[in-house]
Protein chains: 2
Amino acid sequence: MKRASIKDIARIAGVSVATVSYVLNKKEGSRISDATKDKILEVAKSINYTPNKIAKSLKMSKSKLIGLIVADISNDFYSNIARNIEDEAMKLGYTLLIGSCDENPEKFRKLTELFSEHQVDGMIVAPVVDSDEAINKLIAEEYPLVTIDRYLKNISLPGVMINNAEISAHVCDQLTEKKFDEIIYVGYDTELPHLLDRQEGFEIRVKNSGIPTKKVLIGIQNITAEVNEKLKKNLNLKKRTAIYFSSNKLGIAGLRYLNDHHIRVPVEVSVIAFDETEAYHLFPTDISFVQQPLIDMAKESVKLLDQQINHYTPNGERITLQAKYMERNSVE
Amino acid sequence: MKRASIKDIARIAGVSVATVSYVLNKKEGSRISDATKDKILEVAKSINYTPNKIAKSLKMSKSKLIGLIVADISNDFYSNIARNIEDEAMKLGYTLLIGSCDENPEKFRKLTELFSEHQVDGMIVAPVVDSDEAINKLIAEEYPLVTIDRYLKNISLPGVMINNAEISAHVCDQLTEKKFDEIIYVGYDTELPHLLDRQEGFEIRVKNSGIPTKKVLIGIQNITAEVNEKLKKNLNLKKRTAIYFSSNKLGIAGLRYLNDHHIRVPVEVSVIAFDETEAYHLFPTDISFVQQPLIDMAKESVKLLDQQINHYTPNGERITLQAKYMERNSVE
DNA sequence: CTGAAAGCGCTTACAG
DNA sequence: CTGAAAGCGCTTACAG
């Protein structure tokens, strides 16, 4: 599968490779006669020429590739993010490399290295716990870098996130105004700053309300099993209880638990979940949820990255988008 | 962000770039003295050298990139496929480019072109209707190519798929043996061969059974709305009815309809769905479904592609994997 | 209006 | 054991 090169075109058309390059790139600067222009285009088509972006990348030192590193591309949230990023990136002429790091800092580091060796022009990353070292290495090289969804506690990086604390406080308000006997917060046992924000936003507000609260923290390994176990231990149906699931995975696992145990929502327990997923629609009750602005997150992150690629600035902009509480029928 | 090159290493270590290249690539053929070897490694580390795969790709004419083209990476089915392909590809040293074509042949063609310009070593594709032209162009270049999930009617390509007709026949058997008054097949209004197989496998079998059947075909544009509309028109609860949803999207849309209309499963209607998705678990009844062997599909497709890359053969192997019917509680 | 030449960062057969 | 040189497919400042 030897492909035609501009050298082939040049030879057949009887011109120099320089000339071929000029007409193929439609540079207006140096005028080429229409005759040779036509001939070159004709030859190019006839031998089925396709440009070799690798060669171009090497010469131009930009690849028009960008890397996306997420925890897991098979997670609904990230695959939706990825899809929107793909569309936005495409518009700007970038092609997307995707990698999943499973919350593992070593995998994260390897992915950044791999992508950087492939000379991606920049990366959009959802950094994991303990990824500071890998990130700092990229920063030292002034590698265009943008965070999405998450952010780093000790490193200032351009990126886009949502108003985690505020939206959690808002969710809390929805619950406290209904005077539940008890509210259960289901979150992750993690140090990820954006998730801590989500948790603290809730905690501070619920404390003021005086309503008794339980905090149920789940490890990222065995979500379904652990949610089951901890809900069994903590959910007391004798009390009027509301549960706030602070991610899509937690929401799905939790609703599944309620389903399996025939616990009716909102009659026996009220529920608010984070993120939007088709799955919620299959639950008997329409679940009230927090909607993240995925399209805008993707748009802004690509825009930020493109800016960084075109003009690197060490302390780039950090954009906070507004998540939206979507009231349905799962709180009563 | 000017990066160090082997030239820099050579200069600092006082050796030639050839020597640097040899030791960096650990070639055993030409023996380099331990002294210079150590020095080179030391210098490489000290100036933070990372290889430029673009340069290497150009020289070696292989990029260690592979492209994956699916209908939509945000679709649960494809994002799971993608994740497994990512893992398998990684093991063999490939990095993954991902593109979504939305069942649009023009987008499909553009993606193949883009990927080929980026010099991917091969592509794993889920071809869409009318993609023959784009595929044939790749074949003409002897471009390593493997289909996944789908296959082409008029072109023989290596690939991996499942036993669509057989598993549908098996699903049909589950239903016919329960002597329903009516069975509704919900499928796509499409020419995609693998979906037609799924449909015909069911149709042939159900015809033999003599049980009245309705075939409900849904366009790929507005799945939820159309499923709603057609289910409303075709579902007659006075009859003992079973519905076979032949994809995850159809299953989700259909179950959502049943949910919204408080139609109980399996008391009022029996259901079998295709594909596995977390969503099914949120439905009040555990849904019986057809499980596709995603991991094996990914494994085999990457293996086939790697074979094609290393040794191109025009009419590569076509692998059919077995889907599995998972009986739950939605048929009665 | 067009071409010769250098160079992007690598690899490798060849010579010494 | 090591280096000089060619070449992968491009782009572009420069010269004519």
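**Two protein chains and two DNA strands: a predicted model**

The C-alpha centres of domain 1 and domain 2 of chain A lie 38 Å apart. I begin with that separation, and I should say at once that the model under discussion is a predicted one. The domain assignment divides chain A into domain 1 (6-51), domain 2, which is made of 63-162 and 295-323, and domain 3 (164-292).

Let me turn to the relation between the two protein chains. Chain B is superposed on chain A by a rotation of 180° with 0.0 Å of shift along the axis, and the RMSD is 0.0 Å. That is the relation of a two-fold axis. Which residue of chain B comes closest to the rotation axis? That residue is Ala279(B), whose C-alpha is at 1.9 Å.

Next, the interface. Here 46 residues of chain B are in contact with 46 residues of chain A. On the side of chain B, two or more residues come from each of H4, helix H5 (76-91), strand E2 (95-100), helix H6 (105-117) and helix H11 (248-260). By class, this side of chain B has 19 nonpolar, 15 polar and 12 charged residues. Of the interface residues of chain B, 100% are also interface residues in chain A, so the copies meet through the same surface.

I now come to the DNA. Around strand C there are 27 residues, of which Ala18(A), Arg31(A), Ala18(B), Asn52(B) and Ala55(B) come nearest. Which helices supply at least two residues each to the surface near DNA strand C? They are helix H2 (17-24) and helix H4 (53-60) of chain A, together with helix H2 (17-24) and helix H4 (53-60) of chain B. The class composition of this surface is 14 nonpolar, nine polar and four charged residues.

For DNA strand D there are 27 surrounding residues, and the nearest are Asn52(A), Ala55(A), Ser16(B), Ala18(B) and Arg31(B). H2 and H4 of chain A, with H2 and H4 of chain B, are the elements giving two or more residues to the surface near strand D. That surface has 14 nonpolar, nine polar and four charged residues. H4 of chain B thus appears both at the surface near DNA strand D and on the side of chain B that touches chain A.

I close with the sheets, taking chain A before chain B. In chain A, six strands form an open sheet with mixed pairing, in the order E7-E6-E8-E9-E10-E12. Its edge strands are E7 (213-218) and E12 (324-326), each of which pairs on one side only. Neighbouring strands are turned by 15° against each other on average, direction ignored. At one end of the order, strand E10 (288-291) of chain A pairs with E12(A) in the antiparallel sense over three bridges, and Phe289(A) stands opposite Met326(A). Helix H10 (223-234) of chain A lies across strand E6 (182-188) and E7 of chain A, running at about 160° to E7(A).

Chain B has an open sheet of six strands in the order E7-E6-E8-E9-E10-E12, again with mixed pairing. Within the chain B sheet, strand E6 (182-188) and strand E8 (241-245) pair in the parallel sense over five bridges. In this pair, Ile184(B) stands opposite Ile243(B). Helix H9 (193-209) of chain B packs on the sheet and touches E6, E7 and E8 of chain B, its direction making about 165° with that of E6(B).

Notes
Residues numbered from 1 in each chain as written. Chains lettered and ligands numbered in written order. Predicted model: local features only at pLDDT ≥ 70, side-chain atom pairs only at ≥ 80, totals over all residues. Least-squares fit on C-alpha atoms with pLDDT ≥ 70 in both. Contact = placed C-beta atoms within 7 Å. Near = placed C-beta within 6 Å. Helix = DSSP H or I, 4+ residues; strand = E, 2+ residues; numbered from the N terminus. Nonpolar A, V, L, I, M, F, W, Y, C, P; charged D, E, K, R; others polar. Domains from an automatic or database assignment. Pairing = 2+ DSSP bridges. Axes fitted to C-alpha atoms, helices over the stretch in contact; angles between N-to-C directions.
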